[in-house]
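This report goes through one protein model, with attention to its side-chain pairs, its fold and its confidence values.

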Amino acid sequence: QIRDLEARLGVELVERHPGGARLTATGVEIAQRGARVLADVREIEDMARKRAGAFAGPLRLGIIPSIAPFLLPRLLPEITARYPEVDLTLRETLTGNLMRELVAGELDLVIASLPLDHPQVETADAYTEAFMLVAASTAGAASPAGAASPAGATGPAGGEDEPLPLSALADQRVLLLEDGHCLRDQALQACGNSLAGSRRGGGATSLATLVELVANGQGVTLVPEMYAHGMSGREARVRTARFTAPEPHRRVALAWRRTHPQAARFGELRDLVAQCAPR
């Protein structure tokens, strides 16, 4: 089929070699334009369903991993109950992947943290979530040199300490997710100069791994409030603490293509997400 297309267009789209194949420069450009054409076709189908007067049919929802486990158990039953004609499919991956798929028309809606800047994309804030500190419990494993618990982490295991100033991070080893995870960038941005003097460690791809490292005295970490509350009562090896005002935080929003035929109704889903956000 590719050779037939090359013959019809009179140009090579694929450079073939013994080890495989790669797109030519012309092939890359045509593939990108083809993706936009396919997105337009999907929007034609969505427009037809909208003209029928129902919020129905396929809804392809993308969501980032640091939100999905806490929001979806509340959100999915509400979507099913309110919109029984919606055929929902989910995609959980990093923000960069979600935005590329959204613009290409492979997703209809994305739930992620701001910023989500793109000229073709509209966003609507749903809720704000604070970052909380996680440190090893004084009753937990012994901490190696350089991983002392920050001021305030002195109560019983598994509890929550008094709020700490951001300056408490200055002499800590702060563990963060590896590059490419938006949560890493958000934590760095939210804490600003407070992390300038800290010793930072990274490489983990999940919050669970970071907490395990903290529990074993490797440093401290920052997690979203929803994750910290999810640990409450089941992880006695670490303690959590809020920060004094103004707390570092992230803004969770919905994003969709401005040209999407259902764009006017996505505000309803934004309200539903805000309602379902764990408190």
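## Aromatic pairs

The structure, which is a predicted model, holds two aromatic pairs. One of them is formed by F70 and Y227 in an edge-to-face arrangement, with 5.7 Å from centre to centre and 80 degrees between the planes. F70 belongs to helix α3 (residues 68-82) and Y227 to helix α7 (residues 225-231), and the pair links distant parts of the chain, 157 residues apart. Both F70 and Y227 are buried.

## Salt bridges

How many salt bridges does a search of the whole structure find? The search gives 15. Side chains of opposite charge can pair when their charged atoms come close. Three of the bridges are listed here with their N to O distances.

| Salt bridge | N to O distance |
|---|---|
| R22 and E15 | 3.3 Å |
| E129 and R250 | 3.0 Å |
| R270 and D271 | 2.8 Å |

Is the bridge between E129 and R250 made by buried or exposed residues? E129 has a relative accessible area of 3% and is buried. R250 likewise counts as buried, at 2% relative accessibility. The cut-off for this class is under 20% relative accessible area. E129 lies in strand β6 (residues 121-136), whereas R250 lies in strand β12 (residues 249-257), so their salt bridge ties together parts of the chain that are 121 residues apart in sequence.

R22 is partly exposed, with a relative accessible area of 45%, and its partner E15 is also partly exposed, at 38%. In the bridge between R270 and D271, R270 counts as partly exposed at 26% relative accessibility, and D271 is partly exposed with a relative accessible area of 44%. Elsewhere, E225, R242 and E247 are joined into one network by salt bridges that share partners.

## Strands β1 and β2

Strand β1 (residues 14-17) pairs with strand β2 (residues 20-23) in the antiparallel sense, over four bridges. The two strands form a hairpin, and two residues lie between β1 and β2. Within this pairing, R16 stands opposite A21 of β2. The salt bridge of R22 with E15 also joins these two strands, as E15 falls within residues 14-17 and R22 within residues 20-23.

## The chain as a whole

The chain contains eight helices and twelve strands. It has 279 residues, of which 44% count as buried. Among contacts with a separation of 6 or more, 75% are between residues 24 or more positions apart. The accessible surface of the chain comes to about 14,100 Å², and carbon and sulfur atoms account for 52% of that surface.

## Confidence

The mean pLDDT of the chain is 84, with 86% of the residues at 70 or more. Where is confidence lowest, and where is it highest? It is lowest in strand β9 (residues 199-204), with a mean of 69, and highest in strand β5 (residues 109-113), at 96.

For two stretches pLDDT stays under 50: residues 139-149 and residues 151-157. The model has 18 contacts beyond four places in sequence for residues 139-149, and 18 such contacts for residues 151-157. Where pLDDT is low, the predicted coordinates should not be read in detail.

Methods: Residues are numbered from 1 along each chain as its sequence is written. Side-chain values use heavy atoms; hydrogens and water are left out. A salt bridge is a side-chain nitrogen of Lys or Arg within 4 Å of a carboxyl oxygen of Asp or Glu. Buried means under 20% relative accessible area, exposed over 50%, partly exposed in between (1.4 Å probe, protein chains only). pLDDT is the predictor's confidence in each residue, from 0 to 100. Contact means heavy atoms within 4.5 Å. Two strands pair if DSSP finds at least two bridges between them. Rings of Phe, Tyr and Trp (its six-membered ring) pair if their centres lie within 6.5 Å; planes under 30 degrees apart count as stacked, over 60 as edge-to-face and the rest as tilted. Accessible areas come from the Shrake-Rupley method with a 1.4 Å probe; for residues, only the protein chains shown count as cover.
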